[in-house]
Amino acid sequence: SSSRLPGKVLLPFPQLPIIHFLANRFKENNIHFIVATSNTEFDIPLVNYLKNNNIPYVCGSLQNLYQRYCSISNLNSYEYFARITADNPLTAIELLKPSFEIASAKHLNFLQIEGLPIGMGFEIYKSSCFLESSYLYNTDYSQEHINDPFIRGAIRDSATLTLAGLCNTNFCKSLTIDTIEQYIHVSQYFAEFGNSIQSFLENLFNRKVIDMLTLDSLPKKYH
C-alpha cells in the first residue's frame with residue numbers, strides 16, 4: 001500500500017521479487033524468516049505470492065505493527081528476533097547471528113545497529129520482553145513504530161552498536177527503496193558488484209563480515 005511505490009516488495013531484485021530475494025538470503029544464513037504483512041486488499045498479491053512460494057507469513061492490522069508481530073504463534077520460542085523492512089533488500093543479514101550472540105551475552109532487551117548505509121541496519125528484540133510490553137504500545141505511533149518504547153528508554157537494557165568506523169567511507173550512503181528512482185538506483189548499484197552479496201559486502205567492509213562484531217564492540221554504557 002505504499003503511496004510512493006505501490007507493490008514495491010514484488011519488484012524484481014535482481015531477478016526475483018524483493019521479498020523472495022530477502023527470504024533466500026535468510027535461508028542461506030540459516031535464519032528463520034517470516035513476513036508480517038497486512039490483511040488489507042492491498043497485500044492480497046503479496047500474500048498469494050508468499051503462499052505459492054512457501055514463504056511463511058502472517059497477516060494483521062495495517063496500522064498496528066505490534067499486533068502483527070504478536071500474531072506470530074511461535075515468536076516466544078525464540079530468545080531473540082530481528083526486525084527488518086522489506087524495502088531494504090541489502091540489509092546486513094550476515095551480521096544477525098553475531099548480533100544475536102552479543103544481545104544474549106549482555107542480556108539486552110533491544111539492540112540496534114547503526115552506522116551502516118541507510119537501508120542496511122536492523123533491530124533486535126528480546127522476544128519475552130517484547131511480548132510482555134503490550135501496555136507500552138497504547139498509541140498509534142508506538143503501534144506503528146515498535147522500537148519506540150526502547151528508543152525513548154521506557155524499557156531498560158537497550159543498546160546501540162555503531163559500525164560507521166568499519167565501513168568504506170566511499171560507499172553509497174543510502175540503499176533503501178521508497179521511490180522508483182531509489183529502486184533504479186539501488187538495482188544499478190548492486191549490479192556494479194555483479195549482483196553478488198559477497199562482493200558487495202567485501203567492498204563495504206574490506207574485511208570478513210563475521211569478524212566485525214565482538215562483545216568488545218558493545219558500547220561501555222547503555223540504558
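**Exercise 1. How much space lies in the second largest pocket, and which residues line the second largest pocket?**

Solution. Before starting, note that this is a predicted model, in which local features need pLDDT of at least 70 and side-chain atom pairs count only at pLDDT 80 or more, whereas totals for chains, interfaces and linings use all residues. Residues are numbered from 1 along each chain as its sequence is written, and side-chain values use heavy atoms, with hydrogens and water left out.

Step 1 is the meaning of the term: on a 1 Å grid over the protein atoms alone, a pocket is an open set of points where a 1.4 Å probe fits, with protein on both sides within 12 Å along at least five of seven lines, and lining residues have an atom within 4 Å of a point.

Step 2 is the volume, which is the space filled by probe spheres set on the points, with grid points joined across faces, edges and corners; for the second largest pocket this is about 170 Å³.

Step 3 is the lining, which consists of H20, A23, N24, F26, K27, I31, H32, F33, N53, N54, I55 and P56. By class, this lining has six nonpolar, five polar and one charged residues, where Ala, Val, Leu, Ile, Met, Phe, Trp, Tyr, Cys and Pro count as nonpolar, Asp, Glu, Lys and Arg as charged, and the others, Gly among them, as polar.

**Exercise 2. Describe the largest nonpolar core and the elements that supply it.**

Solution. Step 1 is again the term: a nonpolar core is a set of buried Ala, Val, Leu, Ile, Met, Phe, Trp, Tyr and Cys residues joined through side-chain atoms within 4.5 Å. Buried means under 20% relative accessible area, exposed over 50%, and partly exposed in between, with a 1.4 Å probe and protein chains only.

Step 2 is the content of the largest core, which has 51 residues, and those with the most contacts inside it are L90, L111, L116 and F200.

Step 3 is the origin of these residues: α1 (18–28), α2 (44–52), α4 (96–105), β4 (110–114), β6 (158–162), α8 and α9 (197–205) each supply at least two of them, and the largest share, six residues, comes from α1. These elements are DSSP runs numbered from the N terminus, helices being H or I with at least four residues and strands E with at least two.

Step 4 sets beside this a second, separate core of 17 residues, which includes Y69, F81, C129 and I146.

**Exercise 3. Which residues of α9 are buried, and which helices do they pack against?**

Solution. Step 1 lists the buried residues of α9, which are I197, F200, L201, L204 and F205. They lie on the same side of α9, because they cover an arc of only 110° around the axis, the arc being that of the directions from the helix axis to the C-beta atoms.

Step 2 names the partners, since the buried residues of α9 pack against α1 and α8.

Step 3 looks at one residue: leaving out residues up to four places away in sequence, F200 touches L90, M120, F171, L175, Y189, F190 and F193, where contact means heavy atoms within 4.5 Å.

**Exercise 4. Follow the packing of α2 to strand β1, and then to the residue just after α2.**

Solution. Step 1 gives the buried residues of α2, namely L46, V47, Y49 and L50, which are on the same side of α2 because their arc around the axis is only 160°.

Step 2 gives their partners, which are α1, β1 and β2 (57–60).

Step 3 turns to T37, whose place is in strand β1 (residues 35–38). T37 is buried, with a relative accessible area of 4%, and, not counting residues up to four places away in sequence, it touches D43, L46, V47, V58, C59, G60 and R68.

Step 4 ends just after α2, where N54 takes a positive phi of about 55°.

**Exercise 5. Where in the chain are N30 and D157, and are they buried or exposed?**

Solution. Step 1 recalls the background: most residues other than glycine have a negative phi, and most peptide bonds are trans.

Step 2 takes N30, which is not a glycine and yet has a positive phi of about 55°; N30 lies in the loop between α1 and β1 and counts as exposed, at 63% relative accessibility.

Step 3 takes D157, likewise not a glycine, with a positive phi of about 60°; D157 has its place in the loop between α7 (148–151) and β6, and at 34% relative accessibility it counts as partly exposed.

Step 4 adds the cis peptide bond that joins F13 and P14, with omega about -20°, and P14 is found in the segment before α1.
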